[in-house]
Amino acid sequence: MRVYSTSEVRNVGIVGHGDSGKTSLVAAILYTAGVTTRLTRVDEGNTVTDYDDEEIARKVSVSSALANVAWNNVKINLIDTPGYNIFINDAKAALIAADSVVVVVDSLHGVEVQTEKAWGFAQEYNLPRIVLINKMVKERADFAAAVKSVQDVLSSKAIPVQLPIGKEREFRGVVDLVAMKAYTYEFDGKGVGKVEDIPADMAAEAESARETLMEAVAECDDELLNEYLENLTLPPEKLAAGLRKGVAEQQIFPILCASGLHNIGTDALLNFLDAYAPDPSFRGEVEGSDGKGGTVKRKISDSEPLSLFVFKTAADPFAGRVTYFKVVSGTLKNDDSIDNYTRSAHERFSRISTVQGKDLGPIAAFHAGDIGAVAKLKDTLTGDSLGQKDRIIEFPKASLPHPAIAYAIEPKTRQDEDRLSHAIHKVLEEDPTLNFYRDEQTKEFLLAGNGQQHLEVIVSRLERRYHVAVELRAPKIPYRETIRGFADAHGRHKKQTGGHGQFGDCKIKMEPLERGKKFEFANEIFGGSIPKTYIPAVEKGIIEAAEHGYVAGYPVVDFKVILYDGSYHDVDSSELAFKLAGRKAFRKAMEQAKPALLEPVMNVEIVAPIDFAGDLMGDINSRRGRIQGMDTKGQNQTIKAQVPMAEMLTYANDLTSMTQGRATFSMEFAHYDFVPQHQADKIIAAAGGRHAEEDDEG
């Protein structure tokens, strides 16, 4: 396998809305470049980048995958990313390794919700963007309408550099507006275009579009602008150089067209990526941490000390853990031993490889800017930085949103329970958008992800790959109890059983605290009515009673207890007696203090096409939610609201149904608030009514 220099590498992310044809486009590119011997298809489950069992079964990309092609003496690393809302955050995690992005847009639907989101990811990473209008063979495909959608929603700097030849089933090629040549194709899927003169009936349209392109390019550079104003044209070589500069500096977002499924226009796309997509060195320097609280910069160059960044980890049944990395600086050679700065570990990079989907190919070295993989590292995980021991630089990790929804996970058998911990650890290594934790109040193990479908994929992966069968179910709501009023109560525990008895006596006042203050205990005993040694026992008794609740068995929070009086017996008093007295005083105080139920309220943010905004707000109101704000961006509406957690357990599926899968949401805990009385009555009834008083020994 040939080793490519930094200037010969192009790292290109392929992004877009689900079903815009990204994986089919990558499949066509691989066939055109001779990597595969046939044009593979998503429907047939044989594409290079959709190789996971779940992807083949569902016919959608679940996680990002890599492939590469050699074209015109450059190596193009392709990062095929998911586009469905449930899996879109994996695209953000992977794009941290890209140096430019191809944004794939459906020729019929134009810019959709996830297209905007992916564009935002590229913008966050400061990546040049190339737009590809795909599926040009589709019925009712409309290049002009798709271009207008891109310019209206994404950027007015998006300018066509190609025009389609033919429409819908008659689409047979593209016009290159830089070279002013046509690429025409047979409908055989081979992807090799015949270079011809522009069709006569398109000459005027092509000249007009080229004028628009020249104006946009000229505006990127003062010298070019002066030349253009003077001559009203630019020579092809200066137009090409200006376009290259405009793309790298994000002053122009070129628009191309193709049909990935029919392999029309992919060689023209590859030529464009070779000529105009920047190599990794265009970034100049990358900033990171020096491990001591300071910052350090590193040029993307072979002459710099070795450093690399891990952007993805996968578990392969045969190869074990596979680590995907980008060499930021220096040259990584096979069998190099380098330091993991993040984990203070040492790793040997044995058998470094190039990547074609799930297949790894051996290579001698990677130069700065290139992407590769290695199997069986001991400690390294996604987000880690590695390199030369005495030249530490830790690169920033991808910032991913909190998981939107959590489900309780329960092993089906004892054998599954024994295997679960190891298997969960493996899937968490692969998917940084997951979270697994135990709710201390409900005692449930929770698996949190981007939606129900995301978690179903993980459950299926646990069973197929690790032979662990689990069930998902809605989690218990961690309700809490509190008080609204004040109370003054007397708790006495007295028991005589022959010999030493038990005696404890205390008087307490109870009052509510601000939300979130949990519990305070104040000792105002004067004159020794209760000895100091027994006062902690009273507090302990109250805390234990509060943990078991009063109204419906949920923990009591946000209250203050003042211990102000009591009595004791020289012989019969003990810590146990005063603990039980404290419990009795707590229960009697709760009777007076207007007990109430609290429920967790979530901050919810929904992004959806404007057309659905009214229905979504009505639905939020029906869930006892409160709209906090709205914001319009492009064709999308962002709705911010606060909604009780109990009303959000089925929201992922409901939102998909309401918006045909075109909306996304995120959710995180906000605060606790009172449950309305009619709702509280149902919860109390479901819990079996008010909890019976514990016995004196309890």
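Colleague: Which residue is the bridge partner of V310 in β15?

Modeller: This is a predicted model, by the way. Strand β14 covers residues 307-316, and 9 bridges join β14 to β15, residues 320-329, with the two running antiparallel. V310 sits in β14, and its bridge partner in β15 is F325.

Colleague: How many residues lie between β14 and β15 in their hairpin?

Modeller: We've just seen that these two strands run antiparallel. They form a hairpin, and the number of residues between them is 3.

Colleague: Which residue of β23 stands opposite F309?

Modeller: β14 has bridges to β23 (residues 385-387) as well. There are 3 of them, and this pair also runs antiparallel. Opposite F309 in β23 you'll find S385.

Colleague: Is β14 mostly covered or mostly open, and how many of its residues are buried?

Modeller: To count as buried, a residue needs under 20% relative accessible area. Strand β14 has 10 residues and is mostly covered; the number buried is 9.

Colleague: OK, helices now. Which residues of α1 are buried?

Modeller: Helix α1 takes in residues 22-32, and 10 of its 11 residues are buried. After the helix comes G34, with a positive phi near 85 degrees. The buried ones are K22, T23, S24, L25, V26, A27, A28, I29, L30 and T32.

Colleague: Which residues touch the most other members of the largest nonpolar core?

Modeller: That core has 105 residues. Helix α6, residues 203-218, gives the most to this core, with 7 residues. The residues that touch the most other members are I76, I133, V150 and L243.

Colleague: What does L243 touch, not counting residues up to four places away in sequence?

Modeller: Touching here comes down to heavy atoms within 4.5 Å. L243 is one of the residues with the most neighbours in the largest core. Its partners are V161, V178, L213, V217, I252, F272 and Y276.

Colleague: How many residues are in the other core?

Modeller: This one lies apart from the largest core. Among its members are I405, I458, I535 and V556, and its residue count is 72.

Colleague: N72 isn't a glycine but has a positive phi; is it buried, partly exposed or exposed?

Modeller: Its phi is about 50 degrees, and N72 is in the loop between β2 (65-71) and β3 (74-80). Partly exposed runs between the 20% and 50% cut-offs. At 44% relative accessibility, N72 therefore counts as partly exposed.

Colleague: And S344, is it buried or exposed?

Modeller: S344 is another residue other than glycine with a positive phi, near 50 degrees. You'll find S344 in the loop between β17 (336-340) and β18 (345-349). Exposed means over 50%, so at 71% relative accessibility S344 counts as exposed.

Colleague: Zooming out, what percentage of the chain's residues count as buried?

Modeller: The protein chain has 16 helices and 36 strands, and its C-alpha trace spans about 110 × 55 × 50 Å along the principal axes. Of its 698 residues, the buried share is 54%.

Colleague: Among contacts between residues at least 6 apart in sequence, what percentage join residues at least 24 apart?

Modeller: This is about how far along the sequence the two partners of a contact sit. Among those contacts in the protein chain, the share joining residues at least 24 apart is 72%.

Colleague: Last one: how many Å apart are the mean positions of the positive and negative charges?

Modeller: The chain has 82 positive and 103 negative charges. Take the mean position of each set, and the two points are apart by 4 Å.

Notes:
Residues are numbered from 1 along each chain as its sequence is written. This is a predicted model: local features need pLDDT of at least 70, side-chain atom pairs count only at pLDDT 80 or more; totals for chains, interfaces and linings use all residues. Side-chain values use heavy atoms; hydrogens and water are left out. Helices (H or I, at least four residues) and strands (E, at least two) are DSSP runs, numbered from the N terminus. Buried means under 20% relative accessible area, exposed over 50%, partly exposed in between (1.4 Å probe, protein chains only). Lys and Arg count as positive and Asp and Glu as negative; His and the chain ends are not counted. The place of a charge is taken as NZ of Lys, CZ of Arg, CG of Asp or CD of Glu. A nonpolar core is a set of buried Ala, Val, Leu, Ile, Met, Phe, Trp, Tyr and Cys residues joined through side-chain atoms within 4.5 Å. Two strands pair if DSSP finds at least two bridges between them.
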